[in-house]
Amino acid sequence: MATTSLASSAAHHRLRLRLLPASRSSPNAILRIPNWGRLCPGFPSVLCSSSSSPSPQPTAGGEEGEGEEAGRRLSKQSSWEAKDSEGDDYLYRLGKEADNMNIAVGARSGIVDDLFVGNFLGKDSDIVFDYRQKATRTFEYLQGDYYIAPLFLDKVACHIVKNYIAHLLNIKIPLILGIWGGKGQGKTFQTELIFRAMGVEPVIMSAGELESEKAGEPGRLIRDRYRTASQVIQNQGKMSCLMINDLDAGVGRFGNTQMTVNNQIVVGTLMNLADNPTRVSIGQKWRESDVTHRVPIIVTGNDFSTLYAPLIRDGRMEKFYWQPDREDIINIVHRMYTKDGLSFEDVSKIVDTFPNQALDFYGALRSRTYDRAILKWVEEIGGHEQLNVKLLKRKKGEELPTFIPPKTTVDALIESGNSLVKEQELIMNSKLSKEYMKNLDD
């Protein structure tokens with residue numbers, strides 16, 4: 001009798017394989033085995049159960065459901081099932097944000113399981129991450145005691161400070177500072193000296209980056225660089241700004257210059273940043289919590305009248321015309337020639353000999369005085385025929401002959417200045433283009 005009872009009980013609890021028809025909502029039915037679920041990976045449409053009921057009945061309190069959920073979870077520390085602040089899947093949200101470039105997510109210690117990070121190359125699996133993210137510019141190479149014009153310093157410093165405390169001021173503050181003036185007047189160099197003095201790490205762009213073969217790419221690049229400067233402020237606790245050199249060369253309108261879509265997008269991007277400096281998108285989905293730090297923008301150029309008029313209006317751009325006076329020029333040039341032993345009176349004589357010249361002209365004087373000494377040095381190392389061997393193919397440990405800089409004198413500088421002025425006059429007077437294209441004005 002006991003044997004018959006045991007046999008019937010075993011028959012009742014015998015496992016049966018039952019083929020399930022494909023469901024419309026779930027083409028591949030799930031293999032449901034409490035403990036053997038991983039033993040049948042090759043049979044996605046087979047149901048393994050211990051009873052004839054289509055699905056097990058949950059117990060009171062949902063303990064069985066919680067057990068299955070815990071069984072499917074990878075680990076308690078896994079970020080693959082992490083939720084964001086809104087309760088959505090973290091990785092799904094990242095994928096939903098189009099063109100997400102946050103390569104650090106899932107590649108750093110504390111973000112994913114330590115099993116995937118390891119300790120072989122350090123805690124960060126992306127060993128060059130810190131180098132790729134260095135988008136700011138430091139000015140450690142500017143060694144020496146340079147002169148900063150007080151008017152220039154006041155204007156740039158005031159613009160940066162006003163934008164950093166804009167939330168405390170009940171006034172409309174332009175986001176963009178436009179520094180314009182004649183060529184070679186030291187606009188960019190003076191700004192870099194101020195950045196070094198104030199400890200600002202700017203993100204710098206040039207006019208060459210304002211055009212691309214892809215429509216919309218320069219505008220996106222400006223927004224990306226703007227957000228990069230914002231991250232420097234937020235993550236590193238350093239002052240930063242966005243600087244664009246020679247803006248008029250990139251988006252200015254000269255005569256019959258053809259406008260492109262990118263020119264229009266760049267102008268529109270700058271106007272939008274000036275109007276909404278804390279809401280900047282690079283293509284991802286908008287989020288209410290995505291607030292960008294206000295980042296001051298500084299642009300340089302020679303003629304802002306070529307720019308789109310609504311961009312340079314007073315509410316968006318504050319204009320500053322930089323034309324150094326005689327005192328500024330003499331102070332800047334004197335600091336330039338300090339190592340050469342020239343006195344303040346010597347520099348004043350040079351400046352008065354060549355009036356109405358840009359600051360870079362006086363730097364070119366010093367460079368021109370080195371020409372004869374360099375030619376003499378070339379002859380000493382074997383002549384022009386040996387330059388390739390001596391400069392690029394030297395043996396290991398072989399030193400170049402010592403170059404002795406020439407002694408800089410006032411007479412030598414004036415002689416070099418006369419040569420430079422003569423070259424300038426030849427360019428302005430010759431105008432060979434009219435000789436080659438005689439019908440140009442017709």
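**Exercises: salt bridges and the sheet**

Arginine 316 is buried, with 10% relative accessible area; buried means under 20%, exposed over 50%, and partly exposed in between (1.4 Å probe, protein chains only). The model is predicted: local features need pLDDT of at least 70, side-chain atom pairs count only at pLDDT 80 or more, and totals for chains, interfaces and linings use all residues. Residues are numbered from 1 along each chain as its sequence is written, and side-chain values use heavy atoms, with hydrogens and water left out.

**Exercise 1.** Find the salt-bridge partner of arginine 316 and place both residues in the chain.

Step 1. A salt bridge is a side-chain nitrogen of Lys or Arg within 4 Å of a carboxyl oxygen of Asp or Glu. The structure holds 11 salt bridges.

Step 2. Arginine 316 meets aspartate 275 in one of them, at 2.9 Å from N to O. Because arginine 316 lies in the loop between β6 (297-301) and β7, and aspartate 275 in helix α10 (residues 261-275), the pair ties together parts that are 41 residues apart in sequence. Helices (H or I, at least four residues) and strands (E, at least two) are DSSP runs, numbered from the N terminus.

Step 3. Aspartate 275 is partly exposed, at 35% relative accessibility.

**Exercise 2.** Describe the salt bridge between lysine 162 and glutamate 318.

Step 1. The closest N and O atoms of lysine 162 and glutamate 318 are 3.6 Å apart. The pair links distant parts of the chain: lysine 162 belongs to helix α6 (residues 150-164) and glutamate 318 to strand β7 (residues 317-321), 156 residues apart.

Step 2. Lysine 162 counts as partly exposed at 22% relative accessibility, while glutamate 318 is buried at 18%.

Step 3. A network of salt bridges links Lys155, Lys162 and Glu318.

**Exercise 3.** Give the strand order of the open sheet and identify its edge strands.

Step 1. Two strands pair if DSSP finds at least two bridges between them. The open sheet has 5 strands in the order β4-β5-β6-β3-β7, with parallel pairing.

Step 2. β4 and β7 are the edge strands, each pairing on one side only. From one strand to the next, the twist averages 20°.

Step 3. Strand β3 (residues 176-180) runs parallel to β7 and is joined to it by 5 bridges. Tryptophan 180 stands opposite tyrosine 321 in β7.

Conventions. Axes fitted to C-alpha atoms, helices over the stretch in contact; angles between N-to-C directions.
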